[in-house]
Amino acid sequence: MPDFSRENNVIAIRRFAAATMLLGAALVPTALLRADSDPEGFVRVQPEDVQWKDLPGYEGVKFAVISGDPSKPGVYVVRVKFPPGIMSRPHFHPDDRYATVLQGTWWTGTGDTFDPGKTVPVKAGGFMKHPAGGHHYDGAKDEEVILQLIGYGPGGTTMIRPEDGHTGPSR
């Protein structure tokens, strides 16, 4: 008789990841959408108008929706703020994401194994594309980092190893 324990573990991890994505989408309410359009559809957001919120599950990381809604179909713009010394663990997204570093040096790694020593720096003004399904990890080392991400929703995050959590020290 075949042993289905590994298969059952994989199914449990996939269910956990799906629940995490749904929870993340639910925790980004429309109330966070700060960018209001004028009657002609133009949107302006001043730096002082950005409303940073804690990103659930990502200790110390802040999140702000600038335009759109990442939980719904369509283009969205979000900002992510990593405090010094915090990096995400290996994960992937269902959509392409286009990242521009607004402040600090963002440290980026690819693959399933978390290794901050193999990350590549992207300085303020730099850009990186995360292709849909591309396994990666990223964050801050010695300074605060602010990113602007553009994607096409619905977005989400699937952890490669959910048991590792979402974030932790970069060293």
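**Group meeting: the core and surface of a predicted model**

Let's start inside. The largest nonpolar core has 20 residues, and Val61, Phe82, Trp106 and Leu147 have the most contacts within it. Keep in mind that this is a predicted model.

Where does that core come from? Four strands each supply at least two of its residues: E2 (62-67), E3 (74-82), E6 (97-103) and E11 (145-153). The largest share is from E3, with four residues. As background, nonpolar side chains in soluble globular proteins tend to be buried together.

Now take Leu147. Leaving out residues up to four places away in sequence, what does leucine 147 touch? Val78, Arg79, Val80 and Phe82, then Thr100, Val101 and Leu102, and also Trp106.

Step back to the whole chain. The protein chain has one helix and 13 strands. Along the sequence, the helix precedes the strands: α, then β after β. There are 171 residues, and 41% of them count as buried. Look at contacts with a separation of 6 or more: 71% of them link residues 24 or more positions apart.

Next, the outside. The accessible surface of the chain is about 9600 Å². Carbon and sulfur atoms hold 56% of that surface. There is also a nonpolar surface patch of about 510 Å². Its members are Val75, Tyr98, Phe127, Ile150 and Tyr152.

One last residue: Tyr152, from that patch. Tyrosine 152 sits in strand E11. Is tyrosine 152 buried or exposed? Exposed, because its relative accessibility is 52%, and the cut-off for exposed is over 50%. So strand E11 supplies core residues, and E11 also holds exposed Tyr152.

Definitions and conventions
Residues are numbered from 1 along each chain as its sequence is written. This is a predicted model: local features need pLDDT of at least 70, side-chain atom pairs count only at pLDDT 80 or more; totals for chains, interfaces and linings use all residues. Side-chain values use heavy atoms; hydrogens and water are left out. A nonpolar core is a set of buried Ala, Val, Leu, Ile, Met, Phe, Trp, Tyr and Cys residues joined through side-chain atoms within 4.5 Å. Buried means under 20% relative accessible area, exposed over 50%, partly exposed in between (1.4 Å probe, protein chains only). Contact means heavy atoms within 4.5 Å. Accessible areas come from the Shrake-Rupley method with a 1.4 Å probe; for residues, only the protein chains shown count as cover. Patches are made of residues with over 30% relative accessible area and no salt bridge: like charges are joined within 9 Å, nonpolar side chains (Val, Leu, Ile, Met, Phe, Trp, Tyr) within 5 Å. A salt bridge is a side-chain nitrogen of Lys or Arg within 4 Å of a carboxyl oxygen of Asp or Glu.
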